[in-house]
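Dear colleague,

I am passing on the structure we spoke of, and below it you will find my notes on one helix and one pocket. Please read them with the coordinates open.

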Amino acid sequence: MPYKILYTGGQGEIEVKKSRFIATTGPASSEQEALDFLTSVRKKYWDARHNCYAYTIGSRFELQRSSDDGEPGGTAGRPILELLLKEEIHNGIVVVTRYFGGTLLGTGGLIRAYQAAAREGLSDSEILLRQAGTRLTIRTDYTNIGRLQSLAADMDVPVLDSRYTDVVEMDVIAPEERTDAFCKKVTEATSAGAKITPVEAVEYADAGGRLIVF
């Protein structure tokens, strides 16, 4: 199943009663990557009172961690984690740094502030839909290339590369759930004249028209 990942980190900041809440986000495909990111944020904001965080790792949220880092229990890390889960964002970490402004915010105020800051950080991040697919090479003659290009566009099958020699070879990625249907359509469109060769199973994402293969 496709799932959203935090691909490129960002930053957001809010101020509540003179307390600054700075959210820094980053990708994390492993716990070590998340911890390394946390360390870098702590070094950057070494003079802050709190660096609260949450991260999720795995296509099914297999790993979930959060920390209040000295704030009252359940007022910081958990709200950040709940936001990640609500937005269904995988493989990412959010660290919210607080510079205390001298006024206590109370339990509800802290929860709202940390979650709002995290939301600002995520809105500045690049979130992609990662999905499984099959890389295929299609070999055909020139009379069929127009049909295949239209078919790929109609079925939302990204074309990676095309090579033109005495024949045409197209490298495409067919979404996992449409691979069989796409291959059937290719066979029908070319009257079985195209040769389809599965290359490998891949995971990929569309980043605003830029195809990313993991």
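On the outward side of helix 5, Asp180 and Lys184 are exposed; please keep in mind throughout that this is a predicted model. Within the same helix, which spans residues 179-189, Thr179, Phe182, Cys183 and Val186 are buried. These four lie on the same side of helix 5, because they cover an arc of only 100° around the axis. The spacing fits a general rule: an α-helix has 3.6 residues a turn, so residues three or four places apart point the same way.

What do the buried residues of helix 5 pack against? Their partners are strand 8 (126-140), helix 4 (145-154), strand 10 (168-175) and strand 11 (195-207). After helix 5 comes serine 191, whose phi is positive, near 50°.

Strand 8 also has a part in the second feature, the largest pocket, where three residues of the lining come from this strand, the largest share. Strand 1 (3-8) is another contributor, since strand 1 and strand 8 each supply at least two residues of that lining.

The volume of the largest pocket is about 320 Å³, and its lining is made up of 15 residues, with Met1, Pro2, Tyr3, Ser59 and Arg130 lying nearest the centre. By character, the lining divides into seven charged, five nonpolar and three polar residues.

With best wishes

Methods. Residues numbered from 1 in each chain as written. Predicted model: local features only at pLDDT ≥ 70, side-chain atom pairs only at ≥ 80, totals over all residues. Heavy atoms only, no water. Buried < 20%, exposed > 50% of the residue type's maximum accessible area, 1.4 Å probe, protein only. Arc of directions from axis to C-beta. Contact = heavy atoms within 4.5 Å. 1 Å grid on protein atoms, 1.4 Å probe; cavity = no way out; pocket = protein on both sides within 12 Å on 5 of 7 lines; lining within 4 Å. Points joined across faces, edges and corners; volume = space filled by probe spheres on them. Nonpolar A, V, L, I, M, F, W, Y, C, P; charged D, E, K, R; others polar.
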